[in-house]
Structure formats: C-alpha cells, structure tokens
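Let's take a walk through this one together, starting from the inside and working outwards. Have the viewer open and follow along.

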Amino acid sequence: AQSIMATLTTESAWEQEVRALSPLAWWRLGEQSGTVAQDSSGNGNHGTYEGGAVFDSRGGLILGDDDAAVEFSGADNRALVAPVITTYPFSIVGWVQTTEDLEAGNLWRQLYAQAVSDVEIGGRILVLMENETYAPGYGGTVTFLCDDDDSAGGFVVGSVTGTAIDDGQPHMFAVTATSDTSALVYVDGVDVSDPLSSAAGTGPP
C-alpha cells in the first residue's frame, strides 16, 4: 500500500518571503500577552518587553497575514534585545504606524537602536523618527545613523529622508549600510536617502 503525507502550513506569503531571506533576527511583535518578544528567525534572539507595552488585538497590515501589533508610547516602553549586528553590510527593515507629531520641538523616537563594541561598527546603530531640533526640515522622517565609538556624535555614516511618516498611516522603512561611508534609507520601497554630515554632534546625544 502507498501512503501520502502532507504538511500544512499557516504561514502567509509575507512570512515565507521573509524567512527565505534568513534574517539574523525577526521580531514580529505580535504577542498578545507576556514579556517575551519572540524572534521568529529561529536564531533565538528573543527580546523582553519593558515599561508596559500595549498588546494590540487588531489584525496585521499585510494582506493575508493577520499577525497583530504592539503599541509603544515612545516614552518608557520598548522591546529590549541583545545586539545582533556586528559587521557590514547589514539591513534593518520594519513597519511603523504613528500619529505623533514630530514636526516641532525636540522629540525623537527610536525605531531600532543598538550599542555594540566591534572593530568595524562602533558604539551605536540608530534608526529614528527625526525631529526639527537635530535635523531641521526633517521632522517626522526616518534617520539612520551609525557611529564609530561610544561617544555622542561622531557618526561615520548617516542618512535622513525627506518623507515624513508620522501621518497615522502604516509605513515600511528600511536602511542598508554597506560600509562605514555608505548607507541608504527607504520608505515604502522608495530610496529617499539624503546623506548626513559625519561631523560630531549630528543626531541625538
């Protein structure tokens, strides 16, 4: 007698596409309770929710994928993870939806931040929603900065966009750094890079 075995998968096309890229870490932030931000990459880079993140039961932003989201106030809650990036090149991709107005004042919000000591990558990697104080004319846009040590400023590579994303709509952001002098920023798949000076003091302290 012959037998046929079939394996059913509930993964969406988006999940399958991301998994095929073999990311170092993949935080979907779709938990509905608990303190662990699961790493779906299979590499065990799990994070910890801190400061009272709000679990959101609404469906996901991607067609065919009902994964939920987590809401952060930007003040004192976050998903804390260990550094995963240690060398160039690297890319960081994420989704964000916010109505917070960053056009005025000196507010800025971290979308991804990493502190690591490495020969090639220094003290910090930052992906921010920018403000007018640190980057005049770029309030509410995505900024990418990577510095060469643990001190404030002194960023060796950086880019800001001219496309604000603090409009209440979902947006996909991506940054790709190929070396300590080259980086690109994308919003919704469009290259919107505008290179920043590497002078000390550029970006948040």
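Is Phe90 buried or exposed? Keep in mind that this is a predicted model, and then look at the number: Phe90 has 8% relative accessibility, and because the cut-off for buried is under 20%, Phe90 counts as buried.

That residue is a good way into the interior. The largest nonpolar core has 22 residues, and Phe90 is among those with the most contacts inside it, together with Ile92, Ile125, Val127 and Phe144. Several strands feed this core: β6 (90–96), β8 (124–129), β9 (141–147), β11 (171–179) and β12 (182–187) supply at least two residues each. There is a general background to this: in soluble globular proteins, nonpolar side chains tend to be buried together.

Now slide along β6 itself. Its side chains alternate, with Phe90, Ile92, Gly94 and Val96 pointing to one face, where they are buried. Ser91, Val93 and Trp95 point to the other face and are not buried. If that looks familiar, it should: in a regular strand the side chains alternate between the two faces of the sheet.

Where does β6 sit among its neighbours? It belongs to an open sheet of four strands, in the order β6-β11-β12-β13, with antiparallel pairing. At the edges are β6 and β13 (190–191), each of which pairs on one side only. Between β6 and β11 there are seven bridges, again in the antiparallel sense, and you can pick out Ser91 with its bridge partner Thr176 in β11. Over at the other end, β12 and β13 run antiparallel and are joined by two bridges. One place to look there is Tyr186, whose bridge partner in β13 is Asp191.

Next, the aromatic rings. The count comes to five aromatic pairs. Take Trp27 and Tyr112: their ring centres are 6.5 Å apart and their planes make an angle of 25°, so the pair is stacked. The two rings come from distant parts of the chain, since Trp27 is in the loop between α1 and β1 while Tyr112 is in strand β7 (residues 109–115), 85 residues apart. Their surroundings can be read off too: Trp27, at 23% relative accessibility, is partly exposed, whereas Tyr112 is buried, with a relative accessible area of 12%.

Phe90 turns up again in another pair, this time with Phe144. Here the ring centres are 6.1 Å apart and the planes stand at 70°, so the pair is edge-to-face. Because Phe90 lies in strand β6 and Phe144 in strand β9, this pair ties together parts that are 54 residues apart in sequence. Phe144 is buried as well, at 0% relative accessibility. Ring pairs also link Tyr49, Phe55 and Phe72 into a cluster.

Tyr49 is a handy bridge to the other sheet on this tour. That one is an open sheet of three strands in the order β1-β2-β5, with antiparallel pairing. Which strands stand at its edges? They are β1 (36–37) and β5 (78–80); each has a single partner strand, so one side of each is left without a neighbour in the sheet. Strand β2 (residues 47–50) pairs with β5 over three bridges in the antiparallel sense, and Tyr49 stands opposite Ala79 in β5. Towards β1, two bridges join the antiparallel strands β1 and β2, with Val36 opposite Thr48 in β2. The side chains of β2 alternate too: Gly47 and Tyr49 point to one face and are buried, but Thr48 and Glu50 point to the other and are not.

Last stop: helix α1 (residues 13–20), where you'll find Arg19. This residue is partly exposed, with a relative accessible area of 35%. Leaving out residues up to four places away in sequence, Arg19 touches Glu11, Trp26 and Ser40. Of these contacts, try Ser40 in the viewer: it is 21 residues from Arg19 along the chain, and the C-alpha atoms of the two are separated by 8.4 Å.

Conventions
Residues are numbered from 1 along each chain as its sequence is written. This is a predicted model: local features need pLDDT of at least 70, side-chain atom pairs count only at pLDDT 80 or more; totals for chains, interfaces and linings use all residues. Side-chain values use heavy atoms; hydrogens and water are left out. A nonpolar core is a set of buried Ala, Val, Leu, Ile, Met, Phe, Trp, Tyr and Cys residues joined through side-chain atoms within 4.5 Å. Buried means under 20% relative accessible area, exposed over 50%, partly exposed in between (1.4 Å probe, protein chains only). Contact means heavy atoms within 4.5 Å. Two strands pair if DSSP finds at least two bridges between them. Rings of Phe, Tyr and Trp (its six-membered ring) pair if their centres lie within 6.5 Å; planes under 30 degrees apart count as stacked, over 60 as edge-to-face and the rest as tilted.
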